[in-house]
Amino acid sequence: MYIHLGQETVIKSDEVIGIFDLESTTISKNTRIFLEKSEKAKKVVNVSFELPKSFIVCSKKRDAKVFISQISSLTLRKRSGFIDTL
């Protein structure tokens, strides 16, 4: 199954490690450090031309990537089938 992240970007759902709300998770210093290190390692892909709302950590074999999306984490989780729709 695939998940549409916005701006014509699609990923395989079995490669997803986690889907995170950008606003609530960046309160943590560890999350900010993780995102900064990922950015420096050129592993961040911004698929948003709008205000980012979530980030998705994916792994394909040993190559991990972080996608920044304008779509909310709840919507992405519903699209992925990780949670049931209401």
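User: How does the radius of gyration of this protein bear on its overall form?

Analyst: For 86 residues, a compact globule would have a radius of gyration near 12 Å, and the protein has 12 Å, so the two agree. The model is a predicted one. Its C-alpha atoms fill a box of roughly 35 × 30 × 25 Å along the principal axes. Buried residues account for 36% of the 86 residues. Of the contacts with a separation of 6 or more, 47% join residues 24 or more positions apart.

User: What pattern does the secondary structure follow along the sequence?

Analyst: There are three helices and six strands, and they follow the pattern β-β-β-α-α-β-β-β-α.

User: How should the pairing of strands be read, and what is the strand order in the open sheet?

Analyst: Strands of a sheet pair through backbone hydrogen bonds, in either a parallel or an antiparallel sense. Here, an open sheet of four strands has the order β3-β5-β6-β4, and its pairing is mixed. At the edges stand β3 (16-21) and β4 (44-46), each of which pairs on one side only. On average, neighbouring strands of this sheet are turned by 20 degrees against each other, direction ignored.

User: Which strands run parallel and which antiparallel, and how many bridges join β3 to β5?

Analyst: β3 and β5 run antiparallel and are joined by five bridges; within this pair, Val-16 stands opposite Cys-58. β5 and β6 are also antiparallel, over seven bridges, with Ser-54 opposite Ser-69. By contrast, β4 and β6 (residues 63-69) run parallel, joined by three bridges, and Val-45 stands opposite Phe-67 there.

User: How are β5 and β6 connected?

Analyst: They form a hairpin with two residues between them, and Lys-61 in the turn has a positive phi of about 60 degrees.

User: Where else does a positive phi occur in a residue other than glycine?

Analyst: Lys-42 has a positive phi near 60 degrees and is found in the loop between α2 and β4. Its relative accessibility is 76%, so Lys-42 counts as exposed. Glu-8 likewise has a positive phi, of about 60 degrees, although it is not a glycine. Glu-8 is placed in the loop between β1 and β2 (9-12) and is exposed, with a relative accessible area of 78%.

User: Where do the helices lie relative to the sheet strands?

Analyst: Helix α2 (residues 29-40) lies across β4, β5 (54-60) and β6, and runs at about 60 degrees to β5. Helix α3 (residues 73-80) lies across β3, β5 and β6, and runs at about 150 degrees to β3.

User: Why is β5 described as largely enclosed?

Analyst: In a regular strand, side chains alternate between the two faces of the sheet. In β5, five of the seven residues are buried, so this strand is largely enclosed by the rest of the structure.

User: Which residues make up the nonpolar cores?

Analyst: The largest nonpolar core has eleven residues, including Ile-3, Ile-19, Ile-56, Cys-58, Phe-67 and Leu-76. The elements giving two or more residues to this core are β1 (2-6), β3 and β5. Apart from it lies another core, of six residues, among them Leu-22, Leu-35, Phe-55 and Val-66.

User: What does Cys-58 touch, leaving out residues up to four places away in sequence?

Analyst: Cys-58 touches Ile-11, Glu-15, Val-16, Ile-17, Asp-63, Ala-64, Lys-65 and Phe-67.

User: How much area does the protein expose?

Analyst: About 6,000 Å² is exposed, and carbon and sulfur atoms supply 53% of it.

Technical notes: Residues numbered from 1 in each chain as written. Predicted model: local features only at pLDDT ≥ 70, side-chain atom pairs only at ≥ 80, totals over all residues. Heavy atoms only, no water. Pairing = 2+ DSSP bridges. Axes fitted to C-alpha atoms, helices over the stretch in contact; angles between N-to-C directions. Contact = heavy atoms within 4.5 Å. Core = buried A, V, L, I, M, F, W, Y, C linked by side-chain atoms within 4.5 Å. Buried < 20%, exposed > 50% of the residue type's maximum accessible area, 1.4 Å probe, protein only. Rg over C-alpha atoms; globule rule 2.2 N^0.38 Å. Areas by Shrake-Rupley, 256 points an atom, 1.4 Å probe, with all protein chains shown as cover.
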